Amino acid sequence: MRRGVRARPLLADALLAAALAASVLLMRRGEGLPADGAGSATVIALLLAQAVPLAWRRSRPWPVLAAVAAAYIAYELVDPMVDFKDGACILFAGYAVARHARPPASASAVVVVAVAVLAPELAGPWLSLPAPREPVVDPLGVVLVVALSAGVWWLGASRRHIHADAVRLRGLAGRLRAEQEVSARRAVVAERARIARDLHDLVAHHVSAIAMQARATAEALTDDPRSAGRGVDAIGTAADTALAEMRRLLGLLTDDRDGPDPAPEPSLRHLDRLAAAARAAGCRVAIEADPVGGVPPAVQVSAYRVVQEALTNVLRHAGATAVRVVLVREEGRLAVTVENGPPAPGRTPLTGSGLGLVGMRERVALFGGLLRAGPRDGGGWRVEALFPFPEPAPHAETPLQAPGDIANPPGVTGGVTDPRGAA
């Protein structure tokens, strides 16, 4: 693969050198070749000696310039012309030095090109040539030749600088993409660890409820068999729920190094806390929520986190603005919408990293749901999340306390059984 990549520039340079050789030969033929065959062969050979080395101008710019300059001087001394139209190859070689050689040493190419162009014109009358001539270069001509050589060098140096900047920017863009991918993966791992902790609390809660129901059923088994049967049914329901949450928990990559989360257990019943924090920052928050009874606790936790992240993004990017939180409870799904107005006057929205959306997407994908986020008409932003979930199967009423209704059962603290309160 590398050989193919290296061969492409060399092939392009060879084609360019061939095209340039054909061009100078055609121009020289238009001026008329020497009448004798030896003279014509010498002129053609010296023209080719100027064009052919340009095929290696990228890898050997200085040797190419030296070879072209020597061939040009020999050509002008052997077959002198009265103008500089045959200097295309020497100018191209000077451009190649500026383009491919390192500055500031490449600036000396200006002197080499100017000397190569002017030397035959200045030294011709003092040498024994087949066709002696008078000097055709005046001070103004010298200035023009030097200016032309400097202009060619400046053009090549500018192209070298632009190419170096492009290479550096491509490298920076590649590193930025790699860093963004690493940051996204870290955000996914961190969010999954947080989800795992949330689900761990829920599983511990249901397991604690199973333990309580089992003890209550054991006490009622001899006195009230019917009540004991309903207690066994409640144990089965709680066990099924705990197993479902445990499957979700085992599907995540957990990271225990972050330690436990000291914040209160997230739940849609605590949206007022999020709204109070946003209102304290100047937002005008309106909440429209359907009753969420029957929504699995794991869905409530993830929906709560989506609302929390959306409000955090509002504060970060829009500032004090109007916010509307809508929760719609339908059969088998929960729709969450958080939309905000345009940024506050005088506030410039910041460019986000997108990691918050990564976390929300992980939350929704855990339940096979759908997340949409984008600008809304009239300014502002809208986040829509849809959480599907299976509806709980109806069962007979039980005088015992159902697992989903346990807020702070005796002997349970934070969803984990406390041995000090056990019966």
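**Exercise 1. Salt bridges**

Task: State how many salt bridges this predicted model holds, then work through the one between Arg324 and Glu339.

Solution.
- Step 1. The count comes to 7 salt bridges.
- Step 2. One pair is Arg324 with Glu339, whose side chains meet at 2.8 Å, N to O. The cut-off for a salt bridge is 4 Å, and this pair is within it.
- Step 3. Side chains of opposite charge can pair when their charged atoms come close.
- Step 4. Place the two residues. Arg324 belongs to strand S2 and Glu339 to strand S3, so the salt bridge ties together parts that lie 15 residues apart in sequence.

**Exercise 2. The sheet**

Task: Give the strand order of the open sheet and name its edge strands.

Solution.
- Step 1. The sheet has 5 strands, in the order S1-S2-S3-S5-S4. It is open, and its pairing is mixed.
- Step 2. Look for strands that pair on one side only: these are S1 (284-289) and S4 (370-375), the edge strands.
- Step 3. From one strand to the next, the twist averages 10°.

**Exercise 3. Strand pairs**

Task: Sort the pairs S1 with S2, S3 with S5 and S4 with S5 into parallel or antiparallel, and give a bridge partner in each.

Solution.
- Step 1. Strands of a sheet pair through backbone hydrogen bonds, either parallel or antiparallel.
- Step 2. S1 pairs with S2 (residues 322-330) in the parallel sense, over 6 bridges. Val285 has Val323 of S2 as its bridge partner.
- Step 3. S3 and S5 run antiparallel and are joined by 8 bridges. Glu339 has Arg382 of S5 as its bridge partner. Glu339 also takes part in the salt bridge with Arg324.
- Step 4. S4 and S5 run antiparallel too, with 6 bridges between them. Pro375 is partnered by Trp381 of S5. Leu370 stands opposite Leu386 in S5.
- Step 5. S4 and S5 form a hairpin, with 5 residues between the strands. In the turn, Gly378 has a positive phi of about 85°. Most residues other than glycine have a negative phi.

**Exercise 4. Helices on the sheet**

Task: Which strands does H8 lie across, and which does H9 touch?

Solution.
- Step 1. H8 (residues 271-280) lies across S1 and S2. The helix runs at about 165° to S1.
- Step 2. H9 (residues 297-318) packs on the sheet and touches S2, S3 (333-340) and S5 (381-388). The direction of H9 makes about 10° with that of S3.

**Exercise 5. H3 against H5**

Task: Classify the packing of H3 (residues 61-78) on H5 (residues 109-123) and describe the contact.

Solution.
- Step 1. The two axes come within 8 Å and cross at roughly 10°.
- Step 2. Angles under 35 degrees count as roughly parallel, so H3 is roughly parallel to H5.
- Step 3. The crossing of these two helices is right-handed.
- Step 4. The H3 side includes Trp62, Leu65, Ala69 and Tyr72, and the H5 side includes Ala109, Val113, Ala116 and Val117.
- Step 5. The contact has 12 nonpolar residues, no polar ones and 2 charged ones. The H3 side includes Glu76, and the H5 side includes Glu121.

**Exercise 6. H4 against H3 and H5**

Task: How does H4 (residues 88-100) run relative to H3, and how relative to H5?

Solution.
- Step 1. The axes of H3 and H4 come within 9 Å and cross at roughly 165°. Angles over 145 degrees count as roughly antiparallel, and H3 and H4 are therefore roughly antiparallel.
- Step 2. H3 passes H4 in a left-handed crossing.
- Step 3. Pro61, Val68 and Tyr72 are among the H3 residues in this contact, and Cys89, Ala93 and His100 are among those of H4. By class, the contact holds 11 nonpolar, 2 polar and no charged residues.
- Step 4. The axes of H4 and H5 come within 9 Å and cross at roughly 170°. That makes this pair roughly antiparallel.
- Step 5. Ile90, Leu91, Gly94 and Val97 of H4 meet Ala109, Val113, Ala116 and Val117 of H5. The classes here are 7 nonpolar, 1 polar and no charged.

**Exercise 7. A proline pair**

Task: Is the peptide bond between Pro103 and Pro104 cis or trans, and where is Pro104 found?

Solution.
- Step 1. The bond is cis, with omega about 0°. Most peptide bonds are trans.
- Step 2. Pro104 sits in the loop between H4 and H5.

How values were computed: Residues numbered from 1 in each chain as written. Predicted model: local features only at pLDDT ≥ 70, side-chain atom pairs only at ≥ 80, totals over all residues. Heavy atoms only, no water. Axes fitted to C-alpha atoms, helices over the stretch in contact; angles between N-to-C directions. Helix = DSSP H or I, 4+ residues; strand = E, 2+ residues; numbered from the N terminus. Parallel < 35°, antiparallel > 145°, perpendicular 65-115°, else oblique. Left-handed = near helix turned anticlockwise from the far one by under 90°. Contact = heavy atoms within 4.5 Å. Nonpolar A, V, L, I, M, F, W, Y, C, P; charged D, E, K, R; others polar. Pairing = 2+ DSSP bridges.
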